[in-house]
Amino acid sequence: MSPRPPPRTWQKIDRDPSSQLHVIIVGAGLGGLGAAIAILLAGHDVTVLESASEIGEIGAGIQVLPNSSRILISWGLQEKLAKHATMPRYANMIGWKGNHLSRMDLHAYAEALGTPFWDFHRANLHHCLMDRAMELGAKLQVRSRVQTIEYAEDGLTATAVLSDGRSMSADLIVGADGISSRLREVLLCKPDPPQPTGDLAYRLLINARDMLDDPELRHFIEDPQVNYWIGPDAHAVNYVLRGGELFNMVLLVPDDMPAASMTVDGNVEEMQALYKDWDPRIGKILSLCQSVQKWKLCIRPTLEKWTHESGAFTLLGDAVHATLPYLASGCGMALEDGAALGLCLSKLTNKSREQKLYALRVYEECRKERTERVVERGNFQQYMYHIHDGEEQRERDKRLQMFGEIDQHLLKTPEVLTEPRAGSGDDPLPWRYHGVGGWLLTYDLEKDVEHRWEQVRRETQARPLL
């Protein structure tokens, strides 16, 4: 039996029409679909607007940590997702020349926390979320690009104005339109492009069969683990997808893309040359690559306010707080946003502006500080992974080994791993307990919503929201 019990399965609320909101979610990505599921389970009506002409298979690998898998399981998705998931045994930190530095026992942490570390092809995760949202009653419209938001004079509704001239009104509009969010700029009433971080990612998928033929590469497929090679100005990450069919590789290097470009086709030979002096196993893997894309890595510093004063429009996910992927938590934060919003809206007893503002204030207070910490730690990991050889690198590597030994002692009393820690620690392998694991992985979303709901209630008794 795990020290932390498994999550409860949320049941759909049978809601009276007098308190049932019509909610429009703008964006059918992972965050938008997660919000749709949570809000539908709260008993409300949901329409999802997607600008693309169709919902297709996109992306490559994505890591889901236990705080995120807990949410997915609570939404009734465990059986469906388990068919597509890989559960890696360890997360390994490796020097750029191939020397092993430290590791984290992911299976032991998962047992202690009660929920797994999962690796997916993004399309499989997206498909399962889509199916669940539709099963719960979501309505999806493609070719529906929202240009702006207009607000009713009484503040009770908002209207999404689409680029083709159509308009759709709702009690609440949720902007989940990703890192290049138009709706963020609508809320701010000014242009606000994503901020480049100075890094880009090469993302590639390798046919695992090609690696099984090589004795030096076979173990990467046969014993799935997450591997991080860290070195001067760059690092590399890889893990197995689809039960050993695919091998996902991401290379993180200095950004040389044009300022206006977010995604471009990459040059395989150029990519290979960047890692020619690294661990020879990386070169072998890259020799199996036929084509690759380059992605500019940007962030979104959080906003002072996520919600319009009317209470009829709010934001979530990358539109508010896009982070570097170096904490494997962009998707997780978007799923947590959606879950928190759904829990807050589950508490409504009417459709008044006052109740919506109350729920949205609690939602924002649950999410703002936590997502800021994730963005900040992602920036820190960018620095930590890319240290040049020398005294600082040797000190980092000593800390990796020291905290690895501490972690082994903690695993002898796994119930300790479920106890939240207030602050981040100095462990450069971030997901361990003395990195960010003590607050990132142990998070109890439902408890946080309940606590903050009561906290806001006490505050508003002394000072009204309006």
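Colleague: What span should helix α5 have at 1.5 Å a residue, and how far apart are its end C-alpha atoms?

Modeller: Bear in mind that this is a predicted model. Helix α5 covers residues 122-135, which makes 14 residues. The expected span is 1.5 Å times one less than the number of residues, so α5 should reach 20 Å, and its end C-alpha atoms agree with that at 20 Å.

Colleague: Which residues of α5 are buried?

Modeller: Buried here means under 20% relative accessible area. One residue of α5 that passes is Cys128, which counts as buried because its relative accessibility is 5%. The buried set in α5 is Ala123, Asn124, Leu125, His126, Cys128, Leu129, Met130, Arg132 and Ala133.

Colleague: And just after α5, which residue takes a positive phi?

Modeller: Look just past the end of the helix, where phi comes out at about 115°. The residue is Gly137.

Colleague: Why is there no bond from the sulfur of Cys128 to the closest cysteine sulfur?

Modeller: A disulfide needs two cysteine sulfur atoms within 2.5 Å. The closest cysteine sulfur to that of Cys128 belongs to Cys331, and it is too far away for a bond. The structure holds zero disulfides. For Cys128, the reason is a sulfur separation of 12 Å.

Colleague: Is Cys189 buried or exposed?

Modeller: The cut-off for exposed is over 50% relative accessible area. Cys189 has 72%, so the answer is exposed.

Colleague: What's the strand order in the open sheet of five strands?

Modeller: The pairing is parallel in this sheet. Its edge strands, each pairing on one side only, are β7 (139-141) and β18 (313-315). From one strand to the next the twist averages 20°. Read across, the order is β7-β2-β1-β11-β18.

Colleague: Which residue in β18 is the bridge partner of Val174?

Modeller: Strand β11 takes in residues 172-175, and three bridges join it to β18, with the two running parallel. In β18, the partner of Val174 is Thr314.

Colleague: Which side chain does Glu336 meet in a polar contact of 2.9 Å?

Modeller: Glu336 sits in helix α12 (residues 330-345), and its relative accessible area of 0% means it is buried. Leaving aside neighbours within four places in sequence, Glu336 is in contact with Asn67, Ile71, Arg367, Arg370, Tyr443 and Leu445. The 2.9 Å polar contact joins its side chain to that of Arg367.

Colleague: How far apart are the C-alpha atoms of Glu336 and Leu156?

Modeller: Along the chain, these two are 180 residues apart. Between their C-alpha atoms, the separation is 26 Å.

Terms used. Residues numbered from 1 in each chain as written. Predicted model: local features only at pLDDT ≥ 70, side-chain atom pairs only at ≥ 80, totals over all residues. Heavy atoms only, no water. Helix = DSSP H or I, 4+ residues; strand = E, 2+ residues; numbered from the N terminus. Buried < 20%, exposed > 50% of the residue type's maximum accessible area, 1.4 Å probe, protein only. Contact = heavy atoms within 4.5 Å. Polar contact = N/O pair within 3.5 Å; in protein donor to acceptor, adjacent residues only side chain to side chain. Pairing = 2+ DSSP bridges. Axes fitted to C-alpha atoms, helices over the stretch in contact; angles between N-to-C directions.
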